[in-house]
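Trainee: I would like to go through this chain by question and answer. Please begin with a term we will need for the strands.

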Amino acid sequence: MTALTRFDDIDNFFPEFFRRLARPLALDAGLSADMRLDVSENEKEYLVSAEIPGARKDDIRVQIDRNTVTITADVRKDIEDKHANGGRALLRETFRGHTMRSFTLGQEVDDKAAVAKLDDGVLRLTLPKRPGSTGKLLTIQ
């Protein structure tokens with residue numbers, strides 16, 4: 001059995017709730033970017049898919065520290081501010097800014113053999129498990 005622990009901003013607990021709450025206050029309020037994750041494992045490795053729309057390969061950073069993985073990204077969507085016939089934007093829900101996700105896996109990761117690929121806004125991580133780093137189950141006396 002594997003333990004997976006998430007470390008997020010409070011907004012990530014109920015992202016839709018907080019978005020709806022913020023909309024009536026200001027139409028152009030900066031909304032946080034949601035980095036959606038799928039994490040799975042097999043006997044040899046962890047597989048992570050992280051949706052980071054609008055992020056470029058050079059703007060994403062993946063840090064591995066034993067069994068903790070942190071993904072950070074700077075998302076920059078270049079939006080043309082000039083509108084046809086001198087119009088103006090009334091609502092912008094596209095995100096520009098910094099997003100981060102951090103989580104802990106049940107076993108240490110072999111960071112030297114880890115692979116990261118970005119394809120169509122989806123970051124795919126292959127994180128091999130470090131041999132001999134299984135957790136210890138304590139016997140209760």
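Mentor: Two strands count as paired if DSSP finds at least two bridges between them. Keep in mind that the model is predicted.

Trainee: What pattern does the chain follow along the sequence?

Mentor: The chain has 1 helix and 8 strands. Read along the sequence, these elements give the pattern β-α-β-β-β-β-β-β-β.

Trainee: What is the mean pLDDT of the chain, and over which residues is the pLDDT below 50?

Mentor: Of the residues in the chain, 64% reach a pLDDT of 70 or more, and the mean is 77. One stretch with pLDDT below 50 has 11 contacts in the model beyond near neighbours in sequence. That stretch covers residues 23-32.

Trainee: In what order do the 4 strands of the open sheet lie?

Mentor: Take the pairings one at a time. β2 and β3 run antiparallel and are joined by 6 bridges, while β3 pairs with β8 in the antiparallel sense over 7 bridges. β7 (residues 115-119) pairs with β8, also antiparallel, over 5 bridges. The order of the open sheet is therefore β2-β3-β8-β7.

Trainee: Which are the edge strands, and what does the twist average?

Mentor: An edge strand of this sheet pairs on one side only, which holds for β2 (36-41) and β7. From one strand to the next, the twist averages 15°.

Trainee: Which residue in β8 stands opposite alanine 50?

Mentor: A bridge between β2 and β3 shows the idea: glutamate 41 stands opposite tyrosine 46 in β3. β3 also pairs with β8, over 7 bridges. There, the residue opposite alanine 50 is leucine 123.

Trainee: In the hairpin of β7 and β8, which residue takes a positive phi?

Mentor: Aspartate 119 has valine 122 in β8 as its bridge partner. The hairpin has 2 residues between the strands. The positive phi, near 55°, belongs to aspartate 120.

Trainee: Is β8 largely enclosed or exposed?

Mentor: Buried means under 20% relative accessible area. By that cut-off, 5 of the 7 residues of β8 are buried. The strand is therefore largely enclosed by the rest of the structure.

Trainee: Which element gives the most to the largest nonpolar core?

Mentor: The core has 17 residues, of which Ile52, Ile71 and Leu127 touch the most other members. Two or more residues come from each of β3 (45-51), β5 (68-75) and β8 (122-128). With 4 residues, the element that gives the most is β5.

Trainee: Which residues does leucine 127 touch, leaving out those up to four places away in sequence?

Mentor: Leucine 127 is among the residues that touch the most other members of the core. Its contacts include Ile64, Val69, Leu105 and Val109. The others are Ala114, Glu45, Tyr46 and Val48.

Trainee: Does glutamate 108 count as buried or partly exposed, and how far is it from proline 131 in space?

Mentor: Glutamate 108 lies in the loop between β6 (97-104) and β7. At 25% relative accessibility, glutamate 108 counts as partly exposed. Proline 131 is 23 residues away from glutamate 108 in sequence, and the C-alpha to C-alpha distance is 8.5 Å.

Trainee: What share of the 141 residues is buried?

Mentor: The chain exposes about 10,400 Å², and carbon and sulfur atoms supply 51% of that area. The buried share of the residues is 26%.

Methods: Residues numbered from 1 in each chain as written. Predicted model: local features only at pLDDT ≥ 70, side-chain atom pairs only at ≥ 80, totals over all residues. Heavy atoms only, no water. Buried < 20%, exposed > 50% of the residue type's maximum accessible area, 1.4 Å probe, protein only. Areas by Shrake-Rupley, 256 points an atom, 1.4 Å probe, with all protein chains shown as cover. Core = buried A, V, L, I, M, F, W, Y, C linked by side-chain atoms within 4.5 Å. Contact = heavy atoms within 4.5 Å. pLDDT = per-residue confidence, 0-100. Axes fitted to C-alpha atoms, helices over the stretch in contact; angles between N-to-C directions.
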